[in-house]
Amino acid sequence: MKKYSSKRSIQILAHLLQQYGIADIVISPGSRNAPLAIHFSEVDSFNCFSIVDERSAAFVGMGMAISEKKPVAITCTSGSAVANYYPAVTEAFYQNVPLLILSADRPTDFVDIFDGQTIRQNGIFHQHSYGDFQLLEDSRDNAEDINFEIIKKAIELCFEKQGPVHINIPLEEPLYELVSELPTFPTVEKTIKHKEYEIPSNLVAEWNTSQRIMLLVGTRDYSPELENQLTQLVKNHSVVVLSEANSNLHHEKFFKHIDRYIFNFTEEDYKTYAPDLLITVGQNVVSKKVKQFLRKAHPKQHWHLDEVWQPDTYFALTEKIEVKPEVFFSKLLKFINLEPKPYFNLWDVLRDKKDAKHGQFLNQVEFSDFYFFNKASQTIPENYNIHISNSSAIRYAQLFDFGKNKIYCNRGTSGIDGSTSTAMGFAIKNANPTLLITGDLGFFYDINGLWNQYIPPFVRIIIFNNGEGNIFKIIPGPGNANPNTLDEFIATKHHKNAEFLAKHFGFSYTKVEDDVTLDRVLDNFFKPDMKPKILEVNTYGKNSADVLKAYFDFMQ
């Protein structure tokens with residue numbers, strides 16, 4: 001026999017989640033949120049997942065939402081449990097991933113009287129959420145009607161903004177009173193807003209009179225519609241499209257390796273290659289060099305296309321176009337001229353030169369992190385979704401072609417926390433296999449990302465372990481510190497490996513320490529197995545930072 005919570009606020013919440021099609025709920029155990037856990041797990045239309053560590057659980061929920069492209073709910077008990085959601089909430093906020101945060105709480109008059117697990121939860125995420133709501137306790141006057149409207153507004157805001165929205169739920173004791181039947185609630189009249197857009201004539205005029213048009217595409221999910229639209233723009237060499245690995249665009253005329261082309265630009269090059277019209281699409285870009293280039297280039301016009309974010313990243317923003325890029329380009333393509341421009345040829349000559357040098361370097365590179373990324377890019381099957389951790393991992397990825405794999409990376413806040421958890425959440429909800437490529441520090445930081453009973457056997461993790469945070473040997477600045485300080489407190493040298501962790505969490509494990517073994521192992525690594533697999537590529541002591549520096553020196 002089914003047993004549901006007797007709490008009216010939870011019954012209404014579950015009803016509205018069903019009405020809006022939110023089916024996936026990540027639950028972290030606790031007593032104050034036990035009524036939510038009991039109720040949700042008894043409703044047939046919900047898929048409930050138990051993840052103990054709230055910090056990991058929130059990233060798992062985010063990975064699910066990225067995979068499903070719709071909101072996922074996460075729920076936890078009161079107190080510090082809620083605060084542990086914060087890293088994932090900030091990432092979802094800047095990456096525009098729809099998370100519905102359901103935090104259980106003590107009654108409102110228990111706050112700040114030193115009751116157990118009681119903190120100031122109401123509005124805790126207000127700086128990094130699109131809405132903060134608090135329900136009334138069931139005993140309050142008109143609680144049922146008021147809570148119905150609050151929950152409806154919160155859910156619709158999560159859909160509209162495609163980002164985190166928080167509902168705090170004070171619950172009075174007793175918490176474990178259950179019922180076997182539920183009341184009937186009314187069908188919801190949905191009022192989610194949809195924007196209409198017509199392109200202004202002045203934008204068409206600016207496009208048609210611009211001779212040097214550049215599109216820069218940052219982090220975004222794969223969109224066949226956008227890819228087709230941008231393909232129409234480049235086929236006659238009308239524009240220059242710069243993209244990155246996690247832009248998820250694939251066409252031979254897109255410029256996919258920005259740092260390979262512009263890393264040694266001089267002040268004169270900034271002027272030579274500068275656009276007069278810059279159009280930016282998507283979220284954060286990885287390349288620091290392209291930010292430096294465009295800030296010094298001072299384009300006359302800068303349009304940014306996004307429904308939510310309009311950042312003046314390059315200090316030149318002239319048009320905030322608050323619409324999906326696909327909608328904008330569908331309108332624009334009806335009115336503009338697509339004539340060949342010398343500007344494309346200028347960039348194309350640069351690309352040919354740098355790509356040839358890149359190929360020459362590959363013929364002489366020794367075993368290192370650079371060698372690994374080149375080999376991986378040639379070996380990963382096309383049907384794999386690839387999640388890449390932050391710091392040096394995503395920077396290496398920008399230098400290589402990953403075919404038509406879909407690439408994901410937490411570039412909202414660009415932190416190392418949660419990469420594993422995000423990838424595992426994504427894998428749980430995706431029919432295609434998932435590969436996580438991660439550095440050692442990012443992997444060990446998020447060990448609880450593997451404390452997850454739902455990880456499918458077709459998950460693969462590759463750790464390139466250079467024994468430190470090697471990014472601090474790559475970027476300029478940290479090398480000025482005393483070597484002992486750099487190694488202990490910044491790069492954080494270590495001698496850990498993942499062998500026993502893999503065994504503990506039920507993964508198959510292989511370690512390689514040279515190029516011959518890596519070449520032999522990689523193909524078999526992607527073959528089906530009964531268990532998920534970890535491959536650890538040990539490059540400790542291989543001076544990977546020096547190899548990368550030698551690459552850029554060679555490219556000059």
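**Figure 1. Open parallel sheet of six strands in the predicted model.** In this predicted model, six strands make up an open sheet with parallel pairing, in the order β15-β14-β16-β17-β19-β18. The edges are formed by β15 (406–408) and β18 (508–512), each of which pairs on one side only. On average, neighbouring strands of this sheet are turned by 20° against each other, direction ignored.

**Figure 2. Pairing of β17 with β19 and the packing of helix α21.** Strand β17 (residues 460–465) runs parallel to strand β19 (residues 533–538), and six bridges join the two. Within this pair, arginine 460 stands opposite lysine 533 of β19. Helix α21 (residues 515–525) packs on the sheet, where it touches β16 (434–439), β17, β18 and β19. The direction of α21 makes about 165° with that of β19.

**Figure 3. The largest cavity.** Two cavities of 30 Å³ or more are found in a search of the whole structure. The volume of the largest cavity is about 140 Å³. Its lining comprises 13 residues, and those closest to the centre are Glu244, Ala245, His250, Lys256 and Phe402. By class, the lining of the largest cavity consists of five nonpolar, five polar and three charged residues.

**Figure 4. The second largest cavity.** This cavity holds about 60 Å³ of space. The residues that line the second largest cavity are Ile66, Gln95, His387, Ile388, Tyr408, Cys409, Asn410, Ser419, Thr422 and Ala423. Two or more residues of this lining are given by each of β14 (385–388) and α16 (419–428); α16 gives the most, with three residues. The lining of the second largest cavity contains five nonpolar and five polar residues but no charged ones. Strand β14, which contributes to this lining, also belongs to the six-stranded sheet, in which it stands between β15 and β16 in the strand order.

**Figure 5. The largest pocket.** The largest pocket encloses about 1300 Å³ of space. Of the 39 residues in its lining, Asn96, Gln162, Arg220, Glu307 and Lys324 lie nearest the centre of the pocket. The elements that supply two or more residues to the lining of the largest pocket are α3 (54–68), α6 (143–161), α12 (325–332) and β15. Helix α12 provides the largest share, four residues. The lining of the largest pocket divides into 16 nonpolar, nine polar and 14 charged residues. Strand β15, one of the elements that contribute to this lining, is also an edge strand of the sheet.

Note on methods: Residues numbered from 1 in each chain as written. Predicted model: local features only at pLDDT ≥ 70, side-chain atom pairs only at ≥ 80, totals over all residues. Heavy atoms only, no water. Pairing = 2+ DSSP bridges. Axes fitted to C-alpha atoms, helices over the stretch in contact; angles between N-to-C directions. Contact = heavy atoms within 4.5 Å. 1 Å grid on protein atoms, 1.4 Å probe; cavity = no way out; pocket = protein on both sides within 12 Å on 5 of 7 lines; lining within 4 Å. Points joined across faces, edges and corners; volume = space filled by probe spheres on them. Nonpolar A, V, L, I, M, F, W, Y, C, P; charged D, E, K, R; others polar.
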